[in-house]
Amino acid sequence: MQLEVGKIYEGKVTGITKFGAFVELEKGTTGMVHISEVANTYVNKIEDFLKDGQQVKVKVLALGDNGKISLSIKKALPAPEKKQGGRNDRGRRDGSQHRSSGDRNRSQGSQHRAPRERPQPQDFAKNPPPVYDAAVATSGDANFEDMMAKFKATSEERFSDLKHVMDNKRKSSSRRK
């Protein structure tokens, strides 16, 4: 029998290892089902799902040049039903499809990403960064998102200042040599 990629065959489990199971499709033709291809759920121990000598349906995933046959049990099974009222594949409850900028670019025929604008350096002498004040943040006047945004902005600006100072020190020390 000539195997074809994408076709479903019936076989018999001939060996079980910690990383997968070997399935004999016909006399002399054996393929392997990796542990990740055994079931639609997490598989810790293959023995919980398969037994030696068990008849299973498998889908041929790949035929290697070296004679290796890659099989899948979970892809030979019908697709699991989606739960109603749950999240869809993009994580949205309302059923709408979120399109990322990459999806929009591909749908418009664009092959490349638009270049990102670089942030402009700030003049801290004219416009000093805001200072994070824990007393104001915990007073209850600001919500968590505002506090987090303010903290993040302050942290990034301080880190940028520190990096600038360190770069200047490195440059000045290399000039002295």
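What pLDDT does the protein chain average, and what share of the residues score at least 70? This is a predicted model, and the chain averages a pLDDT of 75, with 62% of the residues scoring at least 70. Confidence varies along the way: strand E1 has the highest mean, at 92, while helix H1 (residues 101–107) has the lowest, at 51. Keep that in mind as you look around.

Let's start with the overall plan. The protein chain holds 5 strands and 3 helices. Reading from the N terminus, you meet the elements in the order β-β-β-β-β-α-α-α. The chain has 177 residues, of which 18% count as buried. It exposes about 14500 Å², and carbon and sulfur atoms supply 52% of that area. Among contacts with a separation of 6 or more, 47% are between residues 24 or more positions apart.

Now turn to the strands. They form a closed barrel of 5 strands, which you can follow in the order E1-E2-E3-E5-E4, and the pairing is mixed. From one strand to the next, the twist averages 55 degrees. One pair to pick out is E2 and E3, which run antiparallel and are joined by 6 bridges. Here you can find phenylalanine 22 standing opposite methionine 32 in E3.

Next comes the largest nonpolar core, which has 19 residues. The members that touch the most others are Val23, Leu25, Val33, Leu50, Val56, Val58 and Leu71. At least two core residues come from each of strand E1 (8–16), strand E2 (20–26), strand E4 (55–63) and strand E5 (69–72). Valine 56 makes a good place to pause. Not counting residues up to four places away in sequence, valine 56 touches Tyr9, Glu10, Gly11, Val13, Val23, Leu50 and Ile73.

One last stop is glutamate 37, found in the loop between strand E3 (29–34) and E4. Is this residue buried or exposed? Glutamate 37 has a relative accessible area of 13%, and because buried means under 20%, it counts as buried. Which residues does glutamate 37 contact, leaving aside its neighbours within four places in sequence? They are Leu61, Leu71, Ser72, Ile73, Lys74 and Lys75. Two of these names may look familiar: Leu71 also appears among the core members that touch the most others, and Ile73 is also touched by valine 56.

Methods. Residues numbered from 1 in each chain as written. Predicted model: local features only at pLDDT ≥ 70, side-chain atom pairs only at ≥ 80, totals over all residues. Heavy atoms only, no water. Core = buried A, V, L, I, M, F, W, Y, C linked by side-chain atoms within 4.5 Å. Buried < 20%, exposed > 50% of the residue type's maximum accessible area, 1.4 Å probe, protein only. Helix = DSSP H or I, 4+ residues; strand = E, 2+ residues; numbered from the N terminus. Contact = heavy atoms within 4.5 Å. pLDDT = per-residue confidence, 0-100. Pairing = 2+ DSSP bridges. Axes fitted to C-alpha atoms, helices over the stretch in contact; angles between N-to-C directions. Areas by Shrake-Rupley, 256 points an atom, 1.4 Å probe, with all protein chains shown as cover.
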